[in-house]
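Please study the sequence and the model shown below before attempting the exercises. Each task is followed by a worked solution.

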Amino acid sequence: MQSYEVLVRGSGCVGRSLALALGAKGLRVALLASAEPSQAQRDDVRSYALNAASVRLLRELKVWDSLAADAITPVYDMKIRGDAAGSLLEFSSWTQGVAELAFIVDAGALEQQLAQALRFAPHVQRVDAAVPAALTALCEGRDSAMRGELGVKFEKHSYGHRAIAARLTTDRPHQGVAHQWFRSPDILALLPIAKPEPGASFGLVWSLPEARADELLAAGETLFEQALNEASQGEAGRLSLASSLSSWPLALARAEPLIGPGWALLGDAAHLVHPLAGQGLNLGLADVAALTSVIAERESWRSLGDEKLLRRYVRARQLDTWAMGELTDGLLKMFASDAAALRTLRNTGMSALNSLAPLKRWLTQRALGA
């Protein structure tokens with residue numbers, strides 16, 4: 001019977017990336033996941049916003065450069081608007097001295113390319129059931145079953161909002177510009193992407209109160225497009241639906257503890273944040289990079305499941321994930337409020353920040369994972 005050093009549980013990008021990363025270090029890895037992305041995954045309408053750190057990791061795993069050209073779209077500029085006339089915050093790759101602010105990646109294409117890379121990973125074996133291993137990495141997502149079996153607390157604070165995702169086409173070129181509207185009570189993001197129409201498509205992520213989200217999900221294509229174009233105010237051209245709609249509930253959550261004897265949590269199994277900053281997968285891939293580094297640098301005599309070793313992973317990730325959760329939570333609460341004084345403060349603050357180049361540069365570097 002083959003023995004394994006690490007069992008990775010999870011079929012998503014985080015689990016597959018961790019299996020590839022640890023296998024590349026020569027570890028014997030068992031991956032408890034489906035052999036191929038399901039049809040639902042292949043038809044995924046979601047779009048990932050990946051920062052420079054995530055791209056570096058995927059490039060090291062020989063995945064990034066294998067993605068099709070139409071699966072990756074660079075973001076050169078970002079325009080963030082508040083809920084008052086003239087409230088605008090702009091970021092430009094040129095003024096920030098970087099080639100691009102982020103990349104928007106087709107979720108289904110990334111899943112497929114990770115699965116393809118695993119076919120050629122000699123130290124990774126897919127298994128159909130749990131096998132003994134010194135370390136079990138839980139990358140099963142927000143609904144991880146084993147997390148509960150281990151007695152890990154995963155207290156969710158529901159926002160009472162749902163995210164709606166779709167693919168859109170527009171009647172004018174997107175030019176690599178991402179758009180976002182922060183206002184009470186919704187947050188709307190349009191992410192430039194190459195599919196289905198190169199140069200004229202967006203990935204939609206629209207956070208709405210549950211009742212309003214349910215209305216729009218049931219409204220039909222014509223009424224949905226009407227509401228969407230009213231919300232985007234023509235800033236990105238005339239928008240049309242080019243896919244079905246996908247939705248999921250939004251919450252803030254952190255697992256406690258993140259590790260234990262012989263196990264560790266990564267990705268959405270460890271933490272959930274609001275998608276308004278587009279950092280969900282970036283956090284998960286940063287978990288992968290941190291755990292891989294900790295394992296690679298361990299003492300030769302130390303077991304992979306040693307809690308002292310795994311606590312190094314916790315120390316490497318705890319502050320960043322906490323800070324991103326607090327940031328997104330604070331921004332959502334600030335812009336969800338109808339209080340007149342707070343509305344004035346947030347819109348005035350956004351306009352003021354737009355003129356503070358050093359602070360904008362710092363924020364850009366944080367978002368890039370630099």
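The exercises that follow concern a predicted model and treat a sheet, two helix pairs and a single residue.

**Exercise 1. The sheet**

Determine the order of the strands in the six-stranded open sheet, and identify which strands stand at its edges.

Solution. Step 1: the strands are arranged in the order E8-E2-E1-E9-E17-E16, and their pairing is mixed. Step 2: strand E8 (124–127) and strand E16 (259–260) each have a single partner strand, so one side of each lacks a neighbour in the sheet and these two stand at the edges. Step 3: at the E8 edge, strand E2 (residues 29–32) pairs with E8 in the parallel sense over four bridges. Within this pair, Ala30 lies opposite Gln125 in E8. Step 4: helix H1 (residues 13–24) packs on the sheet and touches strand E1 (4–9), E2, E8 and strand E9 (133–138). The direction of H1 makes about 170 degrees with that of E2.

**Exercise 2. Helices H1 and H9**

Classify the packing of H1 against H9 as roughly parallel or roughly antiparallel, and list the residues that meet.

Solution. Step 1: the two axes are 10 Å apart and the helices pack at an angle of about 25 degrees. Step 2: angles under 35 degrees count as roughly parallel, so H1 is roughly parallel to H9. Step 3: the crossing of H1 with H9 is right-handed. Step 4: from H1, the residues Cys13, Val14, Ser17, Leu18, Ala21 and Leu22 meet Leu281, Gly284, Leu285, Val288, Leu291, Thr292 and Ile295 of H9. Step 5: this contact comprises 10 nonpolar residues, three polar and no charged.

**Exercise 3. Helices H3 and H9**

Establish how H3 and H9 are oriented to each other and which residues make their contact.

Solution. Step 1: the axes of helix H3 (residues 52–60) and helix H9 (residues 280–296) come within 9 Å and cross at roughly 50 degrees. Step 2: H3 and H9 are therefore oblique to each other. Step 3: their crossing is left-handed. Step 4: H3 contributes Ser54, Leu57 and Leu58 to the contact, while H9 contributes Asn282, Leu285, Val288 and Ala289. Step 5: by class, five of the contact residues are nonpolar, two are polar and none is charged.

**Exercise 4. Residue Gln113**

Decide whether Gln113 is buried or exposed, and name its contacts beyond its neighbours within four places in sequence.

Solution. Step 1: Gln113 belongs to helix H5 (residues 107–119). Step 2: Gln113 has a relative accessible area of 18%. Step 3: buried means under 20%, so Gln113 is buried. Step 4: with those sequence neighbours left aside, Gln113 is in contact with Val63, Ser66 and Leu67.

How values were computed. Residues are numbered from 1 along each chain as its sequence is written. This is a predicted model: local features need pLDDT of at least 70, side-chain atom pairs count only at pLDDT 80 or more; totals for chains, interfaces and linings use all residues. Side-chain values use heavy atoms; hydrogens and water are left out. Axes are lines fitted to C-alpha atoms, for helices over the stretch in contact, and angles run from 0 to 180 degrees between N-to-C directions. Angles under 35 degrees count as roughly parallel, over 145 as roughly antiparallel, 65 to 115 as roughly perpendicular and the rest as oblique. A crossing is left-handed if the near helix is turned anticlockwise from the far one by less than a right angle, and right-handed if clockwise. Contact means heavy atoms within 4.5 Å. Ala, Val, Leu, Ile, Met, Phe, Trp, Tyr, Cys and Pro count as nonpolar, Asp, Glu, Lys and Arg as charged, and the others, Gly among them, as polar. Two strands pair if DSSP finds at least two bridges between them. Buried means under 20% relative accessible area, exposed over 50%, partly exposed in between (1.4 Å probe, protein chains only).
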